[in-house]
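Dear colleague,

Please find below the structure that I am handing over to you, together with its sequence. My account of what was found in it follows directly after.

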Amino acid sequence: MKKSIFKTVLSVMLLMSVVSYAKVSIEDRKVSFEKKMDAISGMGFDVSKTGNNYILTIKDAKMATSAMLSFASMNTLDVNSRGKIEDAIAKAKVGVEIDWDKYNANIEGSVSVYFLGTGKESDPIKKMISDKKIGAYLSFDANDMMAKLDIKDIDEKIVDGLNSIHIVLKNAGIDIVKAPSKESPSREFTLKGGEFTYDIENNGTKEISFGYKKPICEVKKSNEYTGTQNCKFPTIEIKGGDHSDSGSVVFKDTSFDYIVAVDNKKVKSNISFKMPDIDIKIKDALDDIVVQLKNLELSANTDGIDESMMKKLYSIASTPSKDINKTIIKSIELIGEFFKSGMSFDYKGSLASVYGKSKTTVFTLKDFLEEGGGSFGKTINFKDIVTIANINVKDIDSSSQVFEMNGFRYGFEMKDMYNFFPAFMEIGMKAVQQNPQDLNFTKENEEKFVAIGAKIVNDGFGLSLSPVGIDSIFIQDINGLKLGKIDLDIEARLNKNDIKMDSPMGPMLLLSFLQADGKLVLSKADLDSMSNNFPPSVMAMVMMYAKYEGDKAVFVLKFENGQLMVNDKPVM
């Protein structure tokens, strides 16, 4: 059922891409429409006409898929997904009916488009097809430009023995704000999701229910790859199970924004998600779990991609080779170029709070933040920092604290690592060329991967862990362990070397090229109190290396020439 709707929408989108290009007078509309139908035949369709009706049959699924994805600005869809679409729409037929009186009067819904199937549908779907229930109505303005598309409402129940599927779709469609023309490829349109529910029942009981209400996406495209997209989803709901064993997830006021622009022949992009309210409920015979997440936000940016690369990417996607392996090879090669172009990126994820409750435990988290970024050039540089203000776990029966941590922080940075991505992509490309039917790598290719790993190690790189620490922590299960502020910073570098990593002694010899400096700081009182929580033998060794500065216990770490030193004392 869902595949049928998908096929219809894609077919309608193709029709829109053709009928929205010309500006003709009302008197010439019939002639103009005829020409547009002829144009569709060059996009993988066979077009036949009877009176005011047309039948469009897909004769070249690959070409038709490319045309439809181009209109939908989805040219970069991966090869496997393209293949699934091609299989789904192969030999599909779409009917087009025109009410010329309405068309000439610019009345909405003058053109009806409906799915006629592929011949492989089940009997219930065949009934819907014969009743022309799967399709859309198209509306045009006085200038013969596409103005609106309204998907036909669906309210169908498909029964198979004790199982049934109930699908409802209402008020979905597309409003065309600006159509592309021969002079300009720019276009603007609004996607309206309407209201949708998809219920699966077994013997009268709902097993799975999925639905959303009134999502809307505003799309503005300057060309194939630049533009903006803003989407809002007031409610998305997923439910399953019965009263004794059930689960549900509800998303409220979710939004999605996507921007791609060109600055000085460099392509930059920004993508962001905002999910202010997520409610999760899971219930079974053993537990009853509730989880609430507030203000989850994700964003990412890229910059420094040559515009010429984007043009190549869309060219490959919009005109794929009939030999799918050639398309894969070209795509892999281009991705390799992306990773050596000097592309930079950054990202950020945050979560204001999490509240979780089961029959035995209450869990809370406040102010999670992760942000980082990096670049790909001759070397790879990457940095990531995570902070959490508070994590708290309480036992419901005893009302006692089980765990609490405040001020968690963890920073990680990789510096000047050999950029292995282009070489990695090249090996993948050659593997496809050598044996396109079986992508299992040969021994030769495996050896090349080992060589890449060796080059990463031999070229050397820097690594830092900073900042790492907590403001305080309590763990009931470790004899009620309580600690205050702890800070750890480590700077390390693996220097350039010529160690043979396939040698049995390689990893051991590598230690002589590793340098590291670090510092661990905690309060003297906390170090003393740890003797109540850890074995005496462990604490005796720790105390042997401790150095005190006022009320702080300090451990200065140094690793050089294969030897670890703590406060200038060698660790044996």
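A search of the whole structure, which is a predicted model, finds one disulfide. The disulfide joins Cys-217 to Cys-231, with an S to S distance of 2.1 Å. The angle about the S-S bond is 120°, and the link of Cys-217 and Cys-231 is right-handed. This pair connects distant parts of the chain: Cys-217 belongs to strand S13 (residues 216-221) and Cys-231 to strand S14 (residues 227-241), 14 residues apart. Both Cys-217 and Cys-231 are buried.

Cys-217 also appears among the contacts of Thr-190. Thr-190 is found in strand S10 (residues 187-192). Its relative accessible area is 13%, so Thr-190 counts as buried, the limit for that class being under 20%. Leaving aside residues up to four places away in sequence, Thr-190 touches Gly-173, Ile-174, Asp-175 and Val-177, and also Ile-216, Cys-217 and Glu-218.

I turn next to the aromatic residues. The count of aromatic pairs comes to 16. In one of them, the ring centres of Phe-256 and Phe-273 are 4.9 Å apart and the planes stand at 45°, so the pair is tilted. Phe-256 lies in strand S15 (residues 246-263) and Phe-273 in strand S16 (residues 266-283); the pair thus links distant parts of the chain, 17 residues apart. How does each partner stand with regard to burial, Phe-256 and Phe-273? Phe-256 is buried, with a relative accessible area of 15%, whereas Phe-273, at 34% relative accessibility, counts as partly exposed.

A further aromatic pair is formed by Phe-339 and Phe-376, with 4.9 Å from centre to centre and 75° between the planes, an edge-to-face arrangement. Phe-339 is in the loop between helix H8 (324-338) and strand S18 (343-357), and Phe-376 is in strand S19 (residues 361-376), so this pair ties together parts that are 37 residues apart in sequence. Phe-339 and Phe-376 are both buried. The two residues also belong to a cluster linked by ring pairs, which comprises Phe-339, Phe-345, Tyr-347, Phe-376, Phe-382, Phe-412, Phe-420 and Phe-421.

On the surface, one nonpolar patch should be mentioned. Met-505, Met-508, Leu-509 and Leu-511 make a patch of about 380 Å². Of these residues, Leu-509 has its place in helix H11 (residues 506-510). The relative accessible area of Leu-509 is 43%, so the residue is partly exposed, a class that lies between 20% and 50%.

Finally, I give the values for the protein as a whole. The secondary structure comes to 13 helices and 30 strands. Of the 572 residues in the protein, 39% are buried. The protein exposes about 30500 Å², of which carbon and sulfur atoms supply 56%. Among contacts between residues at least 6 apart in sequence, 59% join residues at least 24 apart.

With kind regards

Definitions and conventions: Residues are numbered from 1 along each chain as its sequence is written. This is a predicted model: local features need pLDDT of at least 70, side-chain atom pairs count only at pLDDT 80 or more; totals for chains, interfaces and linings use all residues. Side-chain values use heavy atoms; hydrogens and water are left out. A disulfide is a pair of cysteine sulfur atoms within 2.5 Å. Helices (H or I, at least four residues) and strands (E, at least two) are DSSP runs, numbered from the N terminus. Buried means under 20% relative accessible area, exposed over 50%, partly exposed in between (1.4 Å probe, protein chains only). Patches are made of residues with over 30% relative accessible area and no salt bridge: like charges are joined within 9 Å, nonpolar side chains (Val, Leu, Ile, Met, Phe, Trp, Tyr) within 5 Å. Accessible areas come from the Shrake-Rupley method with a 1.4 Å probe; for residues, only the protein chains shown count as cover. A salt bridge is a side-chain nitrogen of Lys or Arg within 4 Å of a carboxyl oxygen of Asp or Glu. Contact means heavy atoms within 4.5 Å. Rings of Phe, Tyr and Trp (its six-membered ring) pair if their centres lie within 6.5 Å; planes under 30 degrees apart count as stacked, over 60 as edge-to-face and the rest as tilted.
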